[in-house]
Amino acid sequence: MAESPSTSAPGTVVGTPSSPTAPVEDEGQVPTTQTPTDTVTPATETPSAETPVVSAPAPTTSVCSPLSSLTSLTGNLTTWLLTAPIAAANSGGFKEPGGTELAAFEGAFRTLLTDGPTPQVVQDLAGMGYGVSTFRNDAGGGWLVVREQGLLSRGGGTFIINLFPARNLWLEAPHADSDEGTLRQTATQLVTLGARALLITGSNRCAVTTASPCSGTTSVCGTKGLRISDAAHYGNNFFTAAHRALRDTYPDAIAASIHGMDAGDGPEAAVVSDGTSAPRPDALSNRLRDALNTHLTGTKKAFSCNAVDDSGKHRTLCGTSNVQGRIDNGAADACYTEAAAATDRFVHLEQSATLRGTGASSKAVIQALADTVPCTLTGSGLGCPAVVAQDCP
């Protein structure tokens, strides 16, 4: 499944939504659902772009052959992902895995990416409380879903792998419920852009009261400081293990961490960074900022933490304490140390509520990502040559 796996990771730190096409599971346990708190984007909200009519190549046998033994889901993937289980704030629902288990999960997830869902890797993930199933989207395309199963959820997260990606990009929603709208937004981006994968947190950042030892601070949970249930600011979780496996397997891919901010009366519609606050004229974050400003409506604009002339009320929201960004940027210790330089393999996006909504401005983000990350793979995605979504027979 992977094109060119790498052998080393950067750094040294080791209620069902209302829908006429609700997913139908062929066998196995039906996923626990909870009522989504955000509005599902209607199909007409998806941005469109003119593309040449080109037939997509047929899927290879190596991609499709291991899938027949798995539980199969069908339906609208974007809508179904709104039911991803996330432990609520102050619920105590995040249970920290041990170091041995985290290493085992990272290894199993890496094998899933490189070799597909072999019986051994499915068994290994099951031993850690995760099931692997296929999802056939009603709009076309094939996906692997790695999700917690059984009665004892640990707030571990839900992870989706695109079998036929179009872009060397994956998406992360570490605050999928607390940053309202980002779960719907990243689910839509995954399908529309043809991204490699989506990582969704399994717990609210305030699910437990135990403080994170990692550097950085916030008052989001009512008290000053980070908590270990915050997937973006603590590394001992399955979310970060999946990130490491993706980075090992796709060393040149771009990881986009999608967040929300309270813009208030500031001039920013968005703040973009490469995971550092260092000025870099050619930074990926500056290119994404420029693309956003091309598509944004209204008076508020996107700012970049890596452009020396950009300033604004929220200029400090640069993601420098984001653990996944520190990993990708080669920090000596992703928990305690900010990265000294950027690799342009990670982008951190803070957005106003308007951009996270379902109106015209929400289209700007997905179009800007499409403009910034080119179609270098063979799958279908917004603005990509292959317009026919591939699927396994």
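The secondary structure of the protein chain comprises nine helices and eleven strands. The model is a predicted one. The exercises below proceed from the whole chain to single elements and residues.

**Exercise 1. The chain as a whole**

Determine what share of the residues of the protein chain is buried, and what share of its accessible surface belongs to carbon and sulfur atoms.

*Solution.* Step 1: the protein chain has 393 residues, and 55% of them count as buried. Step 2: its accessible surface amounts to about 15500 Å². Step 3: carbon and sulfur atoms account for 53% of that surface.

**Exercise 2. Helices α3 and α4**

Describe how helix α3 and helix α4 cross, and state which residues meet.

*Solution.* Step 1: helix α3 covers residues 99-115 and helix α4 covers residues 119-126. Step 2: their axes come within 10 Å and cross at roughly 150°. Step 3: the crossing in which α3 passes α4 is left-handed. Step 4: on the α3 side, the residues in contact are Phe-105, Ala-108, Thr-111 and Leu-112; on the α4 side they are Val-121, Asp-124 and Leu-125. Step 5: sorted by class, this contact has five nonpolar residues, one polar residue and one charged residue.

**Exercise 3. The length and cover of α6**

Compare the expected span of helix α6 with the distance between its end C-alpha atoms, and establish how many of its residues are buried.

*Solution.* Step 1: helix α6 holds twelve residues, 238-249. Step 2: the expected span is 1.5 Å times one less than the number of residues, so for the twelve residues of α6 it is 16 Å. Step 3: the end C-alpha atoms of α6 are 16 Å apart, in agreement with that span. Step 4: twelve of the twelve residues of α6 are buried. Among them are Phe-238, Phe-239, His-243, Arg-244, Arg-247 and Asp-248.

**Exercise 4. Helix α5 and its end**

Carry out the corresponding check for helix α5, and identify the residue that follows this helix.

*Solution.* Step 1: the twelve residues of α5, numbered 182-193, should span 16 Å at 1.5 Å a residue. Step 2: the end C-alpha atoms of α5 lie 15 Å apart, which agrees with the expected span. Step 3: α5 is mostly covered, with eleven of its twelve residues buried. The buried residues include Thr-182, Arg-184, Gln-185, Ala-187, Thr-188 and Leu-193. Step 4: Gly-194 follows α5 and has a positive phi, near 70°.

**Exercise 5. Thr-78 and its partners**

Locate Thr-78, classify it as buried or exposed, and list its contacts beyond its neighbours within four places in sequence.

*Solution.* Step 1: Thr-78 lies in helix α2. Step 2: the relative accessible area of Thr-78 is 16%; a residue under 20% is buried, and therefore Thr-78 is classed as buried. Step 3: neighbours within four places aside, Thr-78 is in contact with Ala-187, Thr-188 and Val-191. Step 4: Thr-78 and Ala-187 are 109 residues apart in sequence, while their C-alpha atoms are 5.1 Å apart in space.

**Exercise 6. Two residues with positive phi**

Give the phi of Asn-90 and of Asp-344, and state where each residue lies and how accessible it is.

*Solution.* Step 1: Asn-90 is a residue other than glycine, and its phi is positive, near 60°. Step 2: Asn-90 belongs to the loop between α2 and α3, and its relative accessible area of 59% makes it exposed. Step 3: Asp-344, which is also not a glycine, has a positive phi near 65°. Step 4: the place of Asp-344 is the loop between α8 and β11, where it is partly exposed at 22% relative accessible area.

**Exercise 7. Cys-335 and Ser-352**

Decide whether Cys-335 and Ser-352 are buried or exposed, and name the residues they contact.

*Solution.* Step 1: Cys-335 lies in the loop between α8 and β11. Its relative accessible area is 11%, and therefore it counts as buried. Step 2: leaving aside neighbours within four places in sequence, Cys-335 touches Pro-213, Cys-214, Ser-215 and Arg-326. Step 3: Cys-335 and Pro-213 are separated by 122 residues in sequence and by 7.4 Å in space, C-alpha to C-alpha. Step 4: Ser-352 is found in the loop between β11 and α9, and at 7% relative accessibility it is buried. Step 5: with neighbours within four places again left aside, Ser-352 contacts Met-261, Ala-263 and Ala-269.

Notes: Residues numbered from 1 in each chain as written. Predicted model: local features only at pLDDT ≥ 70, side-chain atom pairs only at ≥ 80, totals over all residues. Heavy atoms only, no water. Axes fitted to C-alpha atoms, helices over the stretch in contact; angles between N-to-C directions. Helix = DSSP H or I, 4+ residues; strand = E, 2+ residues; numbered from the N terminus. Left-handed = near helix turned anticlockwise from the far one by under 90°. Contact = heavy atoms within 4.5 Å. Nonpolar A, V, L, I, M, F, W, Y, C, P; charged D, E, K, R; others polar. Buried < 20%, exposed > 50% of the residue type's maximum accessible area, 1.4 Å probe, protein only. Areas by Shrake-Rupley, 256 points an atom, 1.4 Å probe, with all protein chains shown as cover.
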